[in-house]
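Subject: Structure handover and notes

Hello,

Here is the structure you wanted to look at. My notes follow below it.

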Amino acid sequence: MKSSPEITAVILCAGQGSRANLGYNKMLASVDGVTVAAKTVRKFLRFDKVVIVCSPDDEEFLRCAVLGDNVDFVIGGNTRTQSVRNALASVSSTDIIVIHDGARPFVTAEIIDKSIESAVKNGSGIAAIKSTNAIKTVADGKIITINRENVFTVQTPQSFRFDEIKAAYDKISGDYADDSEVYELAGFSTTLTEGSPDNVKLTTARDFYGLNDAYRVGIGYDVHKLIHGRRLILCGKELPFEKGLLGHSDADVAVHAVMDALLSAGGLPDIGVLFPDTDKRFEGADSMELLKDVMRRLNNYEIVNVSVCIIAQKPKLQPHIAEMRHILASVLKTDDDRINVSATTAEGLGIVGEGQGMAAISQVLIKTK
Ligand code: MG
């Protein structure tokens with residue numbers, strides 16, 4: 001081993017996180033203004049290389065959300081074991097592999113360093129903590145209490161000498177709960193290192209609440225062309241007008257600006273990434289449904305207020321504003337008086353003033369639940 005070993009981190013983000021019941025991968029949820037995945041990966045960017053294992057559906061989103069010159073993406077498998085296999089196959093050479101759950105963003109540098117130091121010295125370093133709960137087991141219908149002094153709950157990071165963990169995965173087939181089990185089954189012995197009760201794995205929707213106490217502001221802007229033969233929909237309301245807005249979805253320019261403002265506040269990639277106009281699924285999409293999707297991604301935030309200003313030469317929007325506020329408030333799960341919709345003309349100037357299009361600008365303030 002060289003005096004300064006080459007270290008590759010593997011961050012597992014391919015799970016669906018179905019127990020969090022968010023309707024999307026929990027790694028993409030916003031915590032403290034960044035995605036869970038980005039918050040976790042930041043802790044490992046100091047190493048030579050970081051491999052993020054993700055599902056194909058989430059790859060583009062993660063490429064926008066997680067920044068780093070030394071970051072590579074690998075498509076995961078159907079199981080954790082297969083995902084790690086894919087990651088190991090993508091690494092041609094390194095000295096130490098540190099494998100970590102993407103859903104453990106609170107890991108500290110100290111925990112990571114202890115795990116790696118042990119791997120350099122002993123072959124492996126598995127973060128673990130003593131059980132704080134009493135432990136019982138059942139054998140032949142009989143309950144037996146186990147001395148919890150000898151019981152450890154295993155976490156990640158789990159670090160290994162690369163050649164050994166690679167050999168272990170080559171030797172063992174099947175699916176396992178973690179990497180240390182594969183390593184042990186291949187005949188290597190594991191060494192436990194100090195984890196922390198704070199190094200939690202975000203698992204259920206409840207785990208995301210109260211993680212921080214933050215207000216976040218965001219801004220969004222959109223513009224769409226006005227043409228004959230399209231419906232005009234603004235803030236989810238269809239308005240009587242001779243023209244409508246052209247777009248891949250229903251082209252609700254006001255809701256698009258609100259969605260981008262919300263995503264911006266949450267530190268998430270914009271609607272162009274989430275709902276690309278190259279994707280057939282979003283052809284003719286109801287923008288209010290897309291707004292619901294955005295709100296699910298901001299699961300652990302609530303609305304403080306939302307302002308949207310629509311810039312249109314015609315028609316007169318004032319008579320519809322109360323209803324627009326109400327429609328938006330119901331989807332944003334807040335009161336009408338926290339939503340403000342204003343309208344202005346462009347004084348006959350430019351593309352909006354000449355009636356060729358409409359624009360909208362939005363600013364939002366959200367706070368953590
Ligand atoms: Mg748009």
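First, a term for the metal site: donors are N, O and S atoms within 2.8 Å of the metal (3.2 Å for Na, K and Ca), and sites may look incomplete because water is not among the atoms. Now the background. This is a predicted model, in which local features need pLDDT of at least 70, side-chain atom pairs count only at pLDDT 80 or more, and totals for chains, interfaces and linings use all residues. Residues are numbered from 1 along each chain as its sequence is written, and side-chain values use heavy atoms, with hydrogens and water left out.

**Magnesium site**

Which residues hold the magnesium ion as protein donors? They are D222 (OD), H224 (NE2) and H256 (ND1), at 2.0 to 2.2 Å from the ion. Their spacing in sequence is D-x1-H-x31-H. D222 and H256 link distant parts of the chain, 34 residues apart. D222 belongs to strand β12 (residues 215–228) and H256 to helix α7 (residues 253–265). Helices (H or I, at least four residues) and strands (E, at least two) are DSSP runs, numbered from the N terminus.

Are these two buried or exposed? Buried means under 20% relative accessible area, exposed over 50%, and partly exposed in between (1.4 Å probe, protein chains only). D222 is buried at 15%. H256 is buried too, at 7%.

**A nonpolar patch**

Strand β12 comes up again on the surface. I219, Y221, V223, I351 and I361 form a nonpolar patch there, with about 470 Å² of accessible area together. β12 gives the most to this patch, with 3 residues. Y221 is in that strand. Patches are made of residues with over 30% relative accessible area and no salt bridge; like charges are joined within 9 Å, nonpolar side chains (Val, Leu, Ile, Met, Phe, Trp, Tyr) within 5 Å. The areas come from the Shrake-Rupley method with a 1.4 Å probe, and for residues only the protein chains shown count as cover.

**Salt bridges**

A salt bridge here is a side-chain nitrogen of Lys or Arg within 4 Å of a carboxyl oxygen of Asp or Glu. The count is 18. Some to look at:

- K39 pairs with D32, with the closest N and O atoms 3.6 Å apart. K39 is buried at 17%, whereas D32 is partly exposed at 34%.
- D279 pairs with R281, with the closest N and O atoms 2.7 Å apart. D279 is buried at 18%; R281 is exposed at 64%.
- K280 meets E283 at 3.5 Å, N to O. K280 is exposed at 68%, and E283 is partly exposed at 49%.
- R80, D101, R104 and D179 are linked in a network of salt bridges.

**A polar contact**

D293 sits in helix α9 (residues 287–297). Its side chain makes a polar contact with the side chain of R297, at 2.7 Å. A polar contact is a pair of N or O atoms within 3.5 Å; within protein, one must be able to donate a hydrogen and the other to accept it, and residues adjacent in sequence count only if both atoms are side-chain atoms. D293 is buried, with 18% relative accessible area.

**Cysteines**

How many disulfides are there? The count is 0, where a disulfide is a pair of cysteine sulfur atoms within 2.5 Å. For C13, the nearest cysteine sulfur is that of C54, 7.4 Å away. C13 is buried at 0%. For C235, the nearest is that of C309, 11 Å away. C235 is likewise buried at 0%.

**Backbone**

Two cis peptide bonds deserve a line each:

- T156 to P157 is cis, with omega near 15°. P157 is in strand β10 (residues 152–161).
- K314 to P315 is cis, with omega near -5°. P315 is in the loop between β16 (301–311) and α10 (321–331).

Then there is positive phi. K333 has a phi of about 55° although it is not a glycine. K333 lies in the loop between α10 and β17 (339–344) and is exposed at 74%. E347 also has a positive phi of about 55°, and is not a glycine. E347 lies in the loop between β17 and α11 (350–353) and is exposed at 66%.

Best wishes
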